[in-house]
Amino acid sequence: MLQKLKALGPGLLYAGAAIGVSHIVQSTKAGAQYGAILIIGIVLAHIFKYPFFELGPRYTATTGENILHGYRRLGKWALAIVIFLTVTTMFTIQAAVTVVTAGLAMRITGIQMEPWQMSGILLLICIVILSVGKFKLLDNLMKVIMVVLAVTTIVAFFSSFYAVKEVSPEFMTHFNLRDKTHILFLIAFLGWMPAPLDISIWHSLWSEENNRSKGIKSTLKQSLFDFKIGYWGTAILAICFLMLGANVIYGTGAVLSDKGTVYAGQFIDMYESSLGRHAYFIIAIAAFTTMFSTTLTCLDAMPRVVVESLRVWSPVKNNPTIKGSRIQAIVVMFIIAIGALILLGFFISNMKQMVTVATSISFLTAPVLAILGIMVVRKHLPTGFWSKGKTIIAWLGVIFLTLLVGYYLIQTVNL
């Protein structure tokens with residue numbers, strides 16, 4: 001077992017990317033506003049999305065190549081859709097995760113500046129780490145971050161059951177499926193729970209890079225063990241953050257701010273006041289490591305997708321050396337960072353807006369990626385790649401996501 005844990009890699013990178021806004025912001029707010037009931041949503045989202053997130057590492061372990069090749073075999077149109085969805089979401093995703101990280105950084109350090117300025121500093125730090133250390137440093141750093149994150153979050157979770165708070169019945173909102181506001185919140189909550197479906201592609205690329213860097217090909221059993229640790233670990237931590245919100249905030253009437261720095265202060269202060277002064281460092285470390293790991297892994301993954309997509313699109317024309325690919329990826333990192341900072345500096349006025357835009361776009365594209373994944377499995381992978389049960393869950397997942405998207409669009413038009 002110890003050897004298996006040492007071998008963990010892409011699964012922890014997946015967890016680092018997934019455990020972010022969906023946990024610190026959305027899960028905490030879900031518990032703060034509605035109590036523990038939306039744990040059901042976390043469980044259902046992980047079940048219905050499981051086949052699609054597993055597809056990335058399973059495809060790489062089975063074929064020895066990343067899943068972008070699978071989309072290319074469907075036709076250039078399929079790969080074009082993936083490229084389009086990546087380019088149209090990468091700036092909002094990076095901006096959303098970075099502005100939350102910036103808010104926490106300013107609250108913890110006491111530094112006063114505009115959120116976009118702190119975001120710029122954090123993005124520059126991430127670019128330096130990824131440029132100098134490459135994949136090996138990212139892999140090793142994430143193992144440390146995930147251990148710190150898991151330990152501090154679980155300690156905070158158990159401590160929250162002893163929180164002292166004043167509860168008023170008038171502030172105890174019960175989730176109602178017939179309330180439009182509640183349903184729209186649920187959709188935004190599920191949109192990034194546990195993460196955007198794009199991360200399946202990221203996971204596949206990380207798995208391929210992991211094999212290349214170690215000079216070995218992971219077996220299917222090893223890859224799935226690695227994936228399941230990351231995947232179900234994100235589910236457990238999502239429940240922890242939701243229960244932190246439910247145990248500490250639900251029923252108190254506290255209103256969480258839309259501004260990143262204010263929200264970060266509220267997030268930490270409420271836990272400190274309820275759990276004791278010792279909780280400050282536990283919550284601060286858990287929150288910051290959560291968001292910094294997401295900022296770092298997103299900035300690594302999205303350039304990989306762009307560069308590799310172009311290479312797979314036309315291997316003859318776009319087949320640079322490993323060094324050339326790294327240079328291209330660094331250029332794309334800067335482009336994403338600049339685009340994210342432009343959004344934060346000129347177009348999005350607060351954290352809530354940024355998170356809503358990012359989660360909504362990712363949520364609306366989810367059924368498309370899910371259907372493409374099913375097509376890859378049916379047309380280009382051996383029979384039995386997915387069991388009958390997993391295939392049924394995949395189709396139910398598509399129906400589940402499509403119905404939510406349809407409802408969201410109808411309600412948005414009627415607003």
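Is F185 buried or exposed? With a relative accessible area of 14%, F185 is buried, because buried means under 20%. Keep in mind that you're looking at a predicted model. Below is a tour of its nonpolar cores, a nonpolar patch on the surface, its ring pairs and its salt bridges.

**Nonpolar cores**

- The largest nonpolar core has 129 residues, and the members that touch the most other members are I24, L38, Y71, F189, I201 and W202.
- Helix α12, which covers residues 279–313, gives this core its largest share, 15 residues.
- Apart from that core there's another one, made of five residues, including A102, A105, M106 and L122.
- Take W202 as an example: leaving aside neighbours within four places in sequence, W202 is in contact with A17, C298, A301, M302 and V305.

**A nonpolar patch on the surface**

- Not everything nonpolar is tucked into a core: L124, V128, V132, F334, I338, I342, F346 and F347 form a nonpolar patch on the surface.
- Together, these patch residues have about 870 Å² of accessible area.
- Two helices, α7 (115–160) and α13 (322–347), each supply at least two residues of the patch.
- Helix α13 provides the largest share of the patch, five residues.
- F334 is a handy one to click on: this residue lies in helix α13, and its relative accessible area of 39% makes F334 partly exposed.

**Aromatic rings**

- Searching the whole structure turns up 18 aromatic pairs.
- In one of them, F185 and F189, the ring centres are 6.3 Å apart and the planes sit at 15°, so the pair is stacked.
- Why does that angle count as stacked? Because planes under 30 degrees apart are called stacked, and the planes of F185 and F189 are at 15°.
- Both F185 and F189 belong to helix α8 (residues 180–191), where they're four residues apart, about one turn of the helix.
- You've already met F185 as a buried residue at 14%; F189 is buried too, with a relative accessibility of 0%.
- F189 also turned up earlier, among the residues that touch the most other members of the largest nonpolar core.
- Elsewhere, ring pairs link Y14, Y50, F53, F227, Y231 and W232 into a cluster.

**Salt bridges around E54**

- How many salt bridges are there? The count comes to eight.
- E54 forms a salt bridge with R58, and the closest N and O atoms of this pair are 3.0 Å apart.
- E54 and R58 share helix α4 (residues 39–63), where they're four residues apart, or about one turn of the helix.
- Both ends of that bridge are buried: E54 has a relative accessible area of 1%, and R58 comes in at 11%.
- E54 also meets K390 in a salt bridge, at 3.0 Å from N to O.
- Which parts of the chain does the bridge between E54 and K390 tie together? E54 lies in helix α4 and K390 in helix α15 (residues 388–414), so the bridge ties together parts that are 336 residues apart in sequence.
- K390 counts as buried as well, because its relative accessible area is 17%.

**Salt bridges around E209 and R304**

- The side chains of E209 and R304 meet in a salt bridge, with 3.8 Å from N to O.
- This pair links distant parts of the chain, as E209 sits in helix α9 (residues 199–214) and R304 in helix α12, 95 residues apart.
- E209 is buried, with a relative accessible area of 17%, and R304 is buried at 13%.
- Where salt bridges share partners, they form a network, and here one network joins E208, E209, R212, D300 and R304.

**One more residue to look up: S223**

- S223 lies in helix α10, which runs over residues 220–248.
- Its relative accessibility is 12%, so S223 counts as buried.
- What is S223 in contact with, leaving aside its neighbours within four places in sequence? Its contacts are P57, A61 and S218.

Methods: Residues numbered from 1 in each chain as written. Predicted model: local features only at pLDDT ≥ 70, side-chain atom pairs only at ≥ 80, totals over all residues. Heavy atoms only, no water. Buried < 20%, exposed > 50% of the residue type's maximum accessible area, 1.4 Å probe, protein only. Contact = heavy atoms within 4.5 Å. Core = buried A, V, L, I, M, F, W, Y, C linked by side-chain atoms within 4.5 Å. Patch = residues over 30% accessible without salt bridge, like charges linked within 9 Å, V, L, I, M, F, W, Y side chains within 5 Å. Areas by Shrake-Rupley, 256 points an atom, 1.4 Å probe, with all protein chains shown as cover. Salt bridge = Lys/Arg side-chain N within 4 Å of Asp/Glu carboxyl O. Phe/Tyr/Trp six-rings, centres within 6.5 Å; stacked < 30°, edge-to-face > 60°.
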